[in-house]
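Thanks for asking me to look over this structure with you. Have the sequence and the 3D view open, and we can go through it point by point.

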Amino acid sequence: MKLTLKTQNLPLIATYVTFNIAIFLTFLNTGNINTQGIQDYYEKLSLKDGVFFGILILLIIVLSGVVSNKVKERVVFWRLEDRLPGCRAFSQYAKEDSRIDLKVLKAKFGKIPTSPSEQNKHWYKIFKTLNDKSIDSTHKDSLLCRELSVMTLEMFLLTIPIFLLYGAVIGFSYFVFIVVEYLMVRYCAKNSAERLVVNTLALASAKI
């Protein structure tokens, strides 16, 4: 049985969370980000018996499940409505990429809608007709980075014990670290989702 893209991403998400826990424990015990300390904690948490890793996978599934897709989309795209890039697939992205031929797409898939929600539905219909490894890879990256963005935001709770133990200055420095990390993975999630939309339309318009 073929694993879903979300399931395939679980080990990578677990590795990311393990690394962040190692950073947190190092900060909690030393008050700063120490490379050797991070490595030591990471090695301890990544023991090959797999007990911690297995529990972590279950925890990730639960933490991911309590956050709705609507919230996840807002975390990545910073929009309250018409969040997904598919909502602007034809009105914006198709016009920005010279590989996409709207006339071909119209002839193959029918009239191109203008409203954001209908654009997203039409794009998704086109997406589902494709069976291409490069599209699957981009889709997988998009889902991975989206989950990492959500997990990073949830890690903001870890700043509380740092503040309580070391005070505002060191607590704020850890807070800034989490903010920067979130902005990086969020940017990757946004870019990969937009790339998925564009590549889907480009491949569909070129495919005979």
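The points below cover surface, cysteines, a buried asparagine and salt bridges.

1. Before anything else, please keep in mind that this is a predicted model.

2. Let's begin on the outside. Phe 163, Phe 172, Phe 175, Val 176, Val 180 and Met 184 make a nonpolar surface patch of about 520 Å². Helix α10, which covers residues 168–206, gives the largest share of this patch, with five residues. Met 184 lies in that helix, α10, and is exposed, its relative accessible area being 55%.

3. Next, the cysteines. How many disulfides does the count come to? The count is zero. Cys 87 takes part in no disulfide, and its nearest cysteine sulfur, in Cys 145, lies 20 Å away. Cys 87 is also buried, because its relative accessible area is 6% and buried means under 20%. Cys 188 is worth a look too: its sulfur is 5.1 Å from that of Cys 145, the closest cysteine sulfur, and this is too far for a bond, since a disulfide needs the two sulfur atoms within 2.5 Å. With a relative accessibility of 40%, Cys 188 counts as partly exposed.

4. Now find Asn 9 in helix α1, residues 5–30. Is Asn 9 buried or exposed? Asn 9 is buried, with a relative accessible area of 2%. If you set aside neighbours within four places in sequence, Asn 9 is in contact with Lys 140, Leu 143 and Leu 144.

5. On to charges. Side chains of opposite charge can pair when their charged atoms come close. The count here comes to six salt bridges. One of them joins Asp 97 to Arg 99, with the closest N and O atoms 2.9 Å apart. In this pair, Asp 97 is buried at 17% relative accessible area, whereas Arg 99 is partly exposed at 46%.

6. Helix α10 comes back with another pair: the side chains of Glu 194 and Lys 190 meet in a salt bridge, 2.8 Å from N to O. Why are these two residues about one helical turn apart? Glu 194 and Lys 190 are separated by about one turn because they are four residues apart in helix α10. Glu 194 is buried, at 17%, and Lys 190 counts as partly exposed, at 23%.

7. Finally, try tracing a network of salt bridges that links Lys 72, Arg 146 and Glu 147. Within this group, Glu 147 forms a salt bridge with Arg 146, and their closest N and O atoms are 3.4 Å apart. Both Glu 147 and Arg 146 are buried.

Key
Residues numbered from 1 in each chain as written. Predicted model: local features only at pLDDT ≥ 70, side-chain atom pairs only at ≥ 80, totals over all residues. Heavy atoms only, no water. Patch = residues over 30% accessible without salt bridge, like charges linked within 9 Å, V, L, I, M, F, W, Y side chains within 5 Å. Areas by Shrake-Rupley, 256 points an atom, 1.4 Å probe, with all protein chains shown as cover. Salt bridge = Lys/Arg side-chain N within 4 Å of Asp/Glu carboxyl O. Buried < 20%, exposed > 50% of the residue type's maximum accessible area, 1.4 Å probe, protein only. Contact = heavy atoms within 4.5 Å.
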